[in-house]
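Thank you all for making the time this morning. I would like to walk you through one model, taking its sheets in turn and then a part of its surface.

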Amino acid sequence: MSADEKPEYNRRRELPAEVPSAPETSAAAEPEGKPQVTGRQRLAKGLWPPRVTRPQLIVALLLFVLGLGLAIQVRSNNDSSALRGARQEDLVRILDELDDRTERLEEEKRRLEEQRTGLENSSDQAEEARKQTVERERQLGILAGTVAAQGPGITLTIEDKKGAIEADMLLDAIQELRAAGAEAIQINDVRVVANTYLSDAGSGGVRVDGRKVGEPYLFKVIGKPQDLEPALNIPGGVVQTLEKEQATVTVERSEKIVVSALRPAKQPDYARSSSQ
């Protein structure tokens, strides 16, 4: 073998190794002039438009109902915050008022039971029934406002120089007085009965059963003064609400209140007695 001739394996070693071509970059792969898509744009494209499934809608509805319930509960707790911040003597007075209401109901129950017993044991049941009927008619006349009434009670005077008092505030006062055992109520010269309604007058003041009454609003109330006055003065009650509107409120007890405003007796158009 000559010196110029080299073994085959040497020639193979001397061959230059092929250099691998560099991989094309993503920028070179994309057409020139096309904007690159960022990760934020891909995320936005995946989220919108939303693809909502039926289970997701049900879960969203349940969460909405739960949130609404929590909001109502929070509002209810805020409404009772006035009593939470009340003094101990105020809370005791409120409890006494509740006890008085319970006592009045028990007394009414006993009175009805006595009337039943009197009818059952009376030798002249017809005469006894007539007496009770007359007494019941008188009581119903007072409640219906067709007869005048007098007795112990209070006067509530509300002076509203700025015209801030609205119908719902006076209605709250009526409801509070009824809850405390008021048996007859008169506002200025209008008798308040079960179907009395109040509305705001366009030119100021309040309409009671369609009749306009203006300040000062004078309430004449027959009932137990020891129950009526504390009911108006409870924390967060009628008096405090009116005073927040810069109204001047005066409550006075009296041993004799005269409710003289009357309402005409109305004959019902459709209702008839069901007794035979």
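**Two sheets, one helix and a surface patch**

Let me begin with the open sheet of three strands, whose order is β4-β5-β6 and whose pairing is antiparallel; please keep in mind throughout that this is a predicted model. Its edge strands are β4, residues 198-200, and β6, residues 211-213, each of which pairs on one side only. From one strand to the next, the twist averages 35°. Helix α8, which covers residues 167-179, packs on this sheet and touches β4 and β5, and its direction makes about 155° with that of β4. As for the pairing itself, β4 and β5, the latter at residues 206-208, run antiparallel and are joined by three bridges, and Leu198 has Val208 in β5 as its bridge partner.

Turning to the other sheet, we find an open arrangement of five strands in the order β3-β2-β7-β1-β8, again with antiparallel pairing. Here the edge strands, each pairing on one side only, are β3 at 190-192 and β8 at 248-259, and the twist averages 20° from one strand to the next. Helix α8 packs on this sheet too, touching β1, β2 (184-187), β3 and β7 (217-222), while its direction makes about 15° with that of β7. Between β1, residues 149-159, and β8, which run antiparallel, there are 10 bridges, and the partner of Ile158 in β8 is Val249.

Finally, which residues form a nonpolar patch on the surface? They are Leu61, Phe64, Val65, Leu68 and Ile72, with about 520 Å² of accessible area together, and Val65 among them lies in helix α4, residues 54-79.

Methods. Residues are numbered from 1 along each chain as its sequence is written. This is a predicted model: local features need pLDDT of at least 70, side-chain atom pairs count only at pLDDT 80 or more; totals for chains, interfaces and linings use all residues. Side-chain values use heavy atoms; hydrogens and water are left out. Two strands pair if DSSP finds at least two bridges between them. Helices (H or I, at least four residues) and strands (E, at least two) are DSSP runs, numbered from the N terminus. Axes are lines fitted to C-alpha atoms, for helices over the stretch in contact, and angles run from 0 to 180 degrees between N-to-C directions. Contact means heavy atoms within 4.5 Å. Patches are made of residues with over 30% relative accessible area and no salt bridge: like charges are joined within 9 Å, nonpolar side chains (Val, Leu, Ile, Met, Phe, Trp, Tyr) within 5 Å. Accessible areas come from the Shrake-Rupley method with a 1.4 Å probe; for residues, only the protein chains shown count as cover. A salt bridge is a side-chain nitrogen of Lys or Arg within 4 Å of a carboxyl oxygen of Asp or Glu.
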